[in-house]
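Me: I am new to this one and would like a friendly tour. Could you show it to me and then take my questions one at a time?

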Amino acid sequence: MLMVCGFVKLRSRGPGAHSRSAAPAPGPRPPGPHLQPAPGPPPRGASRRQVTYVRSGRRAPPTGDRRRTPEPSCCARRGRPRPKGPRWHIELQPWAGPARSLDEEALRFLSYISTTQIACNRMSTFSLATDSSPAKQPWSVCLDDRFGLAQQIHNKQCRLYSLGLGGDDTRFEVDMARNGCEVHRFDPSVKSAHVLESQRLWHHRLSITWRDPHPAVAAQRSHGSARKLGSILNEFGHHKIDVLKADLESAEWKVLENLILENVLEQIGQLIFEIHLHWPGFEVSGSDSSVVRFWYSLLKELELKDFRLFHSYKDLSKPQLFLKKDLFNASSCYTLSWVNTRWK
Ligand SMILES: *[C@@H]1O[C@H](CO)[C@@H](O)[C@H](O)[C@H]1NC(C)=O
């Protein structure tokens with residue numbers, strides 16, 4: 001399948017088009033239960049994650065809690081306790097400017113994704129095969145001692161989840177496995193339900209979605225091949241992911257929103273996401289300026305959760321398109337890496 005930054009999908013699904021999931025129709029049921037069945041009590045956060053999240057047509061209960069009220073800045077919420085219980089939508093940031101124009105939104109967003117927020121002194125891709133410097137590599141993790149990942153790798157206690165849609169370059173995963181990480185690659189196009197390719201590199205025929213299936217569908221196909229990330233963690237009995245890599249061909253926005261709304265982010269140490277800007281993305285719609293404001297608001301949520309951007313890679317080999325237009329000198333593809341500064 002052609003996987004050039006999601007352009008293959010542009011033909012069939014326009015912006016705002018509704019899709020059940022980013023993945024092809026589920027194949028045969030993978031045999032349940034999986035490796036490492038969860039012993040003992042469910043993992044921390046499990047109960048929260050079982051909350052059903054239905055976006056379409058539903059509103060947050062009218063509690064008077066006007067969470068849509070714009071926050072003046074990222075830091076206003078600092079120290080204040082988070083509201084308990086499920087969240088129904090992320091908080092939108094204030095408009096970038098009074099005109100609510102695409103120009104204002106795009107300039108704020110592009111500047112945001114191009115500006116790192118924390119210095120990483122030991123960035124690595126592990127790839128010895130390539131000759132370019134780490135700064136020129138899209139898939140980078142931060143190995144500074146203060147973030148603990150290097151130690152986890154050294155102790156062979158590192159876990160990497162890689163979310164893809166087939167046809168991806170897997171050198172990063174292979175290298176991480178070779179260096180001591182337990183790697184789980186989720187890709188609906190792999191041939192068998194679960195394949196152990198090498199000592200620590202698993203392939204699972206599962207795709208990542210951002211919501212529960214309709215109950216009627218769920219009843220018939222309780223082991224369908226599309227899952228929310230939180231459900232996979234529960235199923236596999238994993239409490240944490242040291243590195244989450246995702247190249248979801250425009251499904252990243254809704255998946256990221258789901259990780260935020262269900263508090264899955266707390267279980268993740270470093271995030272590497274390829275983001276796609278040539279169209280709004282799966283199930284993201286609205287005017288161009290409101291789409292960009294939504295993207296920006298999602299990334300601000302990461303900052304509110306103490307994730308810090310340490311690497312930004314602009315892919316110049318991909319079409320230089322921003323919402324289908326040649327604008328702002330933007331690329332349609334960036335790879336962004338964040339570290340969870342609360343990670344222990
Ligand atoms: C456009 O982007 C390229 C690559 O990031 C950069 O080298 C160039 O200076 C940019 N041009 C302008 C006018 O900003």
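Reply: Happy to help, and one term comes up again and again: buried means under 20% relative accessible area, exposed means over 50%, and partly exposed is in between (1.4 Å probe, protein chains only). This is a predicted model, in which local features need pLDDT of at least 70 and side-chain atom pairs count only at pLDDT 80 or more, while totals for chains, interfaces and linings use all residues. Residues are numbered from 1 along each chain as its sequence is written, and side-chain values use heavy atoms, with hydrogens and water left out.

Me: How many helices and strands does the protein have?
Reply: Helices (H or I, at least four residues) and strands (E, at least two) are DSSP runs, numbered from the N terminus. Counted that way, the protein has 9 helices and 12 strands.

Me: What percentage of the residues counts as buried?
Reply: The protein has 344 residues. With the cut-off given above, the share that counts as buried is 54%.

Me: In what order do the strands of the open sheet stand?
Reply: Two strands pair if DSSP finds at least two bridges between them. The open sheet has 8 strands, and their pairing is mixed. The order is β5-β6-β4-β3-β9-β10-β12-β11.

Me: Which strands stand at the edges?
Reply: An edge strand here has a single partner, so one side of it is left without a neighbour in the sheet. That holds for β5 (194-198) and β11 (307-314).

Me: What is the average twist from one strand to the next?
Reply: Axes are lines fitted to C-alpha atoms, for helices over the stretch in contact, and angles run from 0 to 180 degrees between N-to-C directions. From one strand to the next, the twist averages 15 degrees.

Me: Which residue in β10 is the bridge partner of Val 243?
Reply: Strand β9 covers residues 241-246 and pairs with β10, residues 268-276, in the parallel sense over 5 bridges. β9 also pairs with β3 in the parallel sense, over 4 bridges, and there Leu 160 stands opposite Val 243. In β10, the partner of Val 243 is Gln 270.

Me: How many residues of β9 are buried?
Reply: β9 is mostly covered. The count of its buried residues is 6 of 6.

Me: What angle does the direction of helix α5 make with that of β4?
Reply: Contact means heavy atoms within 4.5 Å. Helix α5 (residues 171-178) packs on the sheet and touches β3, β4, β5, β6, β9 and β10. Its direction and that of β4 (181-186) make an angle of about 150 degrees.

Me: Which residues in α5 are buried?
Reply: The cover over the buried residues of α5 includes β2, β3, β4, β6, β9 and β10. The buried residues in α5 are Phe 172, Glu 173, Asp 175, Met 176 and Ala 177.

Me: Which residue with a positive phi follows α5?
Reply: Its phi is near 120 degrees. The residue that follows α5 is Gly 180.

Me: Is Ser 250 buried or exposed?
Reply: Ser 250 is found in the loop between β9 and α8. It has a positive phi of about 90 degrees although it is not a glycine. Its relative accessible area is 0%, so Ser 250 is buried.

Me: Where is Asp 306 found?
Reply: Asp 306 has a positive phi, near 70 degrees, in a residue other than glycine. With a relative accessible area of 15%, Asp 306 is buried. It is found in the loop between α9 (288-304) and β11.

Me: Which residue has its backbone oxygen 3.0 Å from a polar atom of the side chain of Gln 267?
Reply: Gln 267 lies in the loop between α8 (252-261) and β10. It counts as buried because its relative accessibility is 4%. A polar contact is a pair of N or O atoms within 3.5 Å; within protein, one must be able to donate a hydrogen and the other to accept it, and residues adjacent in sequence count only if both atoms are side-chain atoms. The backbone oxygen belongs to His 239.

Me: Which residues surround the ligand?
Reply: A residue is near a molecule or strand if one of its heavy atoms lies within 4 Å of it. A polar side-chain atom of Lys 314 lies 3.0 Å from an oxygen atom of the ligand, and an N or O atom in the side chain of Asn 329 is 2.5 Å from a ligand oxygen atom. The surrounding residues are Lys 314, Leu 316 and Asn 329.
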